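Let's take a walk through this one together, starting with a single helix and working outward from there. Have the sequence and the model open side by side as you read.

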Amino acid sequence: TENSCVVYGEFKAREKDTDGKEVIIDMDTRITAGLHKDDSGRLVIDSLHQSVPYIYQQKGEYYPKTIADQAAAALERTAILERTIQLDSLTGLYNRKYTEMHITRLLTNDHESGLMFVIDMDDFKKVNDTHGHLKGDELLKEVGAALMDFVPPPGIAGRIGGDEFLLFMSHVPDVKTVETRMSMVLESIQDMCLEQGMVIHPSCSIGAAFQPLHGNDFDTLFR
C-alpha cells in the first residue's frame, strides 16, 4: 500500500575455513519483514521473520509456506480420520462408542436434559434372508438418514448394533410432541419398505427414558 509494504530478502552465511574443523556452516538465511511509514516519513519495522531453507522449501519462497501448507493438510487428514473413527461406515450415523461419549458429555459437562430412545428393528434378519443383504443394507442406510434428520443438535443419532439405533434429544418440549414425531419416523420406515417392494416389513420396538426422571447418567438411562 502507500504507507506499508512487505520486504523479502536473502543472504548467504558461510564460516571461514578453520584448520581441524570438520563441519563448516554454509547456509542461506531468508528474511521477511513488514514495514510501514510513520508520520515523519520514516520506515518502521513492524515484524521480522527469519528462516533457513529446509528440504521442502521451494525456490523463491521466503516465508515457510510449504511447511505451513503441509501442517494444514495434516490437520485436515487428522480431522477426516477422527470423523471416520466416530462414524458407522454403513449408515453415516455415529457409532456406538462415540454416541455414548457424546451423550455422556451432554449429561455431565453441558448438563443437558432430554430423552433417550433405543430403537430395535424387529425381525430384520428376515429382510436379509428374504431380500438379500444388499437390500437390507440399503434399508439401514435410509433408516439412518431418517433418524439423522429427526434429531436436531446438540442431540445425536447413532447405530449401536446391527439393527439397533440410539437417539438422544435435548430440551424435549413434551412427551406428546416426541410421540408424534416418533410415529412419523416409524411410518417413514414402513414407507421405505413399500417403496423397495419388500414382502417383509420389519416393525420397531422402542424404549425411552427421560433425564432426569429416569436417571442422570448414560448407563442408568440406557438400562
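Start at helix α3, residues 124-131, where the buried residues are Phe 124, Val 127 and Asn 128. They sit on the same side of α3, because the arc they cover around the axis is only 95 degrees. If you want the reasoning behind that kind of spacing, an α-helix has 3.6 residues a turn, so residues three or four places apart point the same way. Turn to the other side of α3 and you'll find Lys 125 and Asp 129, both exposed.

What do the buried residues of α3 pack against? They pack against β4 (114-121) and α4 (133-150). Between α3 and what comes next, have a look at Gly 132: this residue follows α3, and its phi is positive, near 95 degrees.

Now zoom out for a moment. Keep in mind that this is a predicted model. The protein chain has 6 helices and 7 strands, and reading from the N terminus the elements go β-β-β-α-α-β-α-α-β-β-α-β-α. Of its 223 residues, 31% are buried. The chain exposes about 14,200 Å², and 55% of that comes from carbon and sulfur atoms. As for how the fold is wired, take the contacts with a separation of 6 or more: 58% of them are between residues 24 or more positions apart.

Next, the charged pairs. How many salt bridges does the count come to? It comes to 2. One of them joins Asp 38 and Arg 42, with the closest N and O atoms 3.2 Å apart. Arg 42 is exposed, because its relative accessible area is 57% and the cut-off for exposed is over 50%.

The other salt bridge is between Arg 159 and Asp 88, where the closest N and O atoms are also 3.2 Å apart. This pair links distant parts of the chain: Arg 159 belongs to strand β5 (residues 156-159), while Asp 88 lies in the loop between α1 (65-86) and α2 (96-108), and the two are 71 residues apart. Are these two partners buried or exposed? Arg 159 has a relative accessible area of 14%, so it counts as buried, given that buried means under 20%. Asp 88 comes out at 14% relative accessibility and therefore counts as buried as well.

Stay with Asp 88 for a bit. Besides the 3.2 Å polar contact that joins its side chain to that of Arg 159, there's a 2.6 Å polar contact between the side chains of Asp 88 and Thr 91. Leaving aside residues up to four places away in sequence, Asp 88 touches Leu 93, Tyr 94, Asn 95 and Arg 159.

Arg 159 has a longer guest list. Not counting residues up to four places away in sequence, the residues it touches include Leu 90, Thr 91, Leu 93, Tyr 94, Asn 95 and Arg 96, along with Leu 140, Glu 164 and Phe 165. The side chain of Arg 159 also reaches the backbone oxygen of Gly 162, at 2.9 Å.

That brings us to the strand around Arg 159. Which way do the residues of β5 point? Ile 156 and Gly 158 point one way, Ala 157 and Arg 159 point the other way, and all are buried. The partner of β5 is strand β6 (residues 164-170), and the two pair in the antiparallel sense over 4 bridges. Within that pairing, Arg 159 stands opposite Phe 165 of β6. Together β5 and β6 make a hairpin, with 4 residues between them.

Last stop: Leu 186, which you'll find in helix α5 (residues 175-195). With 26% relative accessibility, Leu 186 counts as partly exposed, because that value falls between the 20% cut-off for buried and the 50% cut-off for exposed. Leu 186 touches Cys 204 and Ile 206, again leaving out residues up to four places away in sequence. Try one more distance on your screen: from Leu 186 to Ala 146, C-alpha to C-alpha, is 9.6 Å in space, with their positions 40 residues apart in sequence.

How values were computed. Residues are numbered from 1 along each chain as its sequence is written. This is a predicted model: local features need pLDDT of at least 70, side-chain atom pairs count only at pLDDT 80 or more; totals for chains, interfaces and linings use all residues. Side-chain values use heavy atoms; hydrogens and water are left out. Buried means under 20% relative accessible area, exposed over 50%, partly exposed in between (1.4 Å probe, protein chains only). Contact means heavy atoms within 4.5 Å. A salt bridge is a side-chain nitrogen of Lys or Arg within 4 Å of a carboxyl oxygen of Asp or Glu. The arc is that of the directions from the helix axis to the C-beta atoms. Accessible areas come from the Shrake-Rupley method with a 1.4 Å probe; for residues, only the protein chains shown count as cover. A polar contact is a pair of N or O atoms within 3.5 Å; within protein, one must be able to donate a hydrogen and the other to accept it, and residues adjacent in sequence count only if both atoms are side-chain atoms. Two strands pair if DSSP finds at least two bridges between them.
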